[in-house]
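Trainee: Could you take me through one helix pair up close? I'd like to know how the two helices sit against each other and how far to trust the rest of the chain.

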Amino acid sequence: RSRAAATKARASLLPRSWPQHAMKASYTNVETEEKEELVRSEGEPDDRRETSTSSTCWSQLCCAGGGLLGIRACILGSVVVQNTAYALVRRYSRGALRETYSTSSVLLVMEVAKMALSAFQIVTSDAPSDVPSGSALSKYAYLITHSLTMLVPAVVYLAMNILGFVSLKYIDAATFAILAQMKVFTTAIFSVVLLQRKLHLRKWRALLTLTLGVVLISHEAMPKSAAAGDSRAKLAFAEFLLGIAASVGDVVLSGFVSIYFEKVLKSKTETYSVWDRNFQLAFWSILIYTPIMIHDNPRQPFAGWTPMAAVCAAVGGTGGVLVALSIKCARLGEE
């Protein structure tokens with residue numbers, strides 16, 4: 001009995017951020033290991049048995065939470081790789097190759113691919129969801145009729161993607177990546193404004209340091225001052241400012257939509273899986289991108305397409321899913 005009480009006491013020291021299923025699994029594993037340890041150590045002195053039992057308990061508890069931490073680290077690492085790759089392929093396509101395909105056509109293909117993947121996962125996944133059981137079409141219809149919440153991020157993501165393509169046309173990928181770090185700052189600001197979060201002073205100092213670093217590096221990347229009558233230098237400076245302005249707009253919108261999307265995914269009034277939300281988001285995005293693509297080139301909407309355009313669409317399409325998964329994993333960690 002004393003060992004059972006000690007086991008429960010040690011299990012109660014688990015962080016509250018662990019998911020309930022991980023806590024239950026840890027507790028069950030601990031009790032099982034306790035029983036096995038008692039059988040193995042019948043003839044051992046009390047001090048040796050207690051030391052062995054304690055080390056076994058804590059090793060089991062640590063292993064139970066490692067899975068979630070490993071998944072979160074893997075997803076966050078994938079987000080970093082995807083963001084870097086997306087900036088590089090867009091810069092190479094627009095800046096180096098000067099390809100002329102319609103931006104809206106790439107965005108449309110991205111959303112179609114994301115919608116197809118989400119539709120498949122909705123049918124095969126057993127994640128908790130408010131979607132009623134039934135046929136695949138009935139699930140899709142239910143999600144579409146309850147998807148008005150995702151119209152806002154669909155519009156914002158449209159503006160962000162267009163601004164990203166414009167920015168990478170006029171500034172290099174390294175400068176764009178540095179400016180993109182300001183998304184941390186804008187996300188923090190919107191989290192304080194919209195979610196009423198309170199940040200510690202050391203976090204504000206870190207954000208200020210980040211901002212100063214971005215300003216200094218951006219200043220170094222600025223073209224040299226144009227001499228009087230040097231039209232090329234003036235044009236380069238104007239294009240650089242246009243690229244910076246587009247990148248800043250992308251950063252501000254990213255901060256807002258990240259907090260909005262987090263609020264939607266972590267809603268306690270309704271339960272939808274990551275795939276449900278991505279399906280809804282893709283639905284509204286397709287409705288928005290299709291008329292824009294047709295307006296850009298009514299006769300040949302996919303004119304100018306190259307293999308690099310397909311790569312841009314593929315890399316960009318994974319971004320939305322990875323971001324949603326990272327937010328969802330953060331939610332599991334908080335619970």
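Mentor: Here's a walk through one helix packing, followed by a buried residue and the confidence values. Keep in mind that this is a predicted model. Two packed helices are described by the angle between their axes and the distance between those axes. For helix α8 (residues 182-195) and helix α9 (residues 201-221), the angle is about 140° and the axes are 9 Å apart. That makes α8 oblique to α9, since only angles over 145 would count as roughly antiparallel. The crossing of the two is left-handed. On the α8 side, the contact is made by Met182, Val184, Phe185, Ala188, Ile189 and Val192, and they meet Trp204, Leu207, Leu210, Thr211 and Val214 of α9. Sorted by class, that α8-α9 contact holds 10 nonpolar residues, one polar and no charged ones.

Now for a single residue elsewhere: Asn278 sits in helix α11 (residues 274-296). Asn278 is buried, because its relative accessible area is 0%. Leaving aside residues up to four places away in sequence, Asn278 touches Lys114, Ser118, Gly320, Val321 and Ala324.

As for trust, the chain averages a pLDDT of 78, and 75% of the residues score at least 70. Confidence is highest in helix α5 (residues 136-145), with a mean of 94, and lowest in helix α2 (residues 20-40), at 47. Residues 13-28 have pLDDT below 50, though the model gives this stretch 26 contacts beyond near neighbours in sequence. Over residues 33-65 pLDDT also stays under 50, and there the model has 35 contacts beyond four places in sequence. Where pLDDT is low, the predicted coordinates shouldn't be read in detail.

Conventions. Residues numbered from 1 in each chain as written. Predicted model: local features only at pLDDT ≥ 70, side-chain atom pairs only at ≥ 80, totals over all residues. Heavy atoms only, no water. Axes fitted to C-alpha atoms, helices over the stretch in contact; angles between N-to-C directions. Helix = DSSP H or I, 4+ residues; strand = E, 2+ residues; numbered from the N terminus. Parallel < 35°, antiparallel > 145°, perpendicular 65-115°, else oblique. Left-handed = near helix turned anticlockwise from the far one by under 90°. Contact = heavy atoms within 4.5 Å. Nonpolar A, V, L, I, M, F, W, Y, C, P; charged D, E, K, R; others polar. pLDDT = per-residue confidence, 0-100. Buried < 20%, exposed > 50% of the residue type's maximum accessible area, 1.4 Å probe, protein only.
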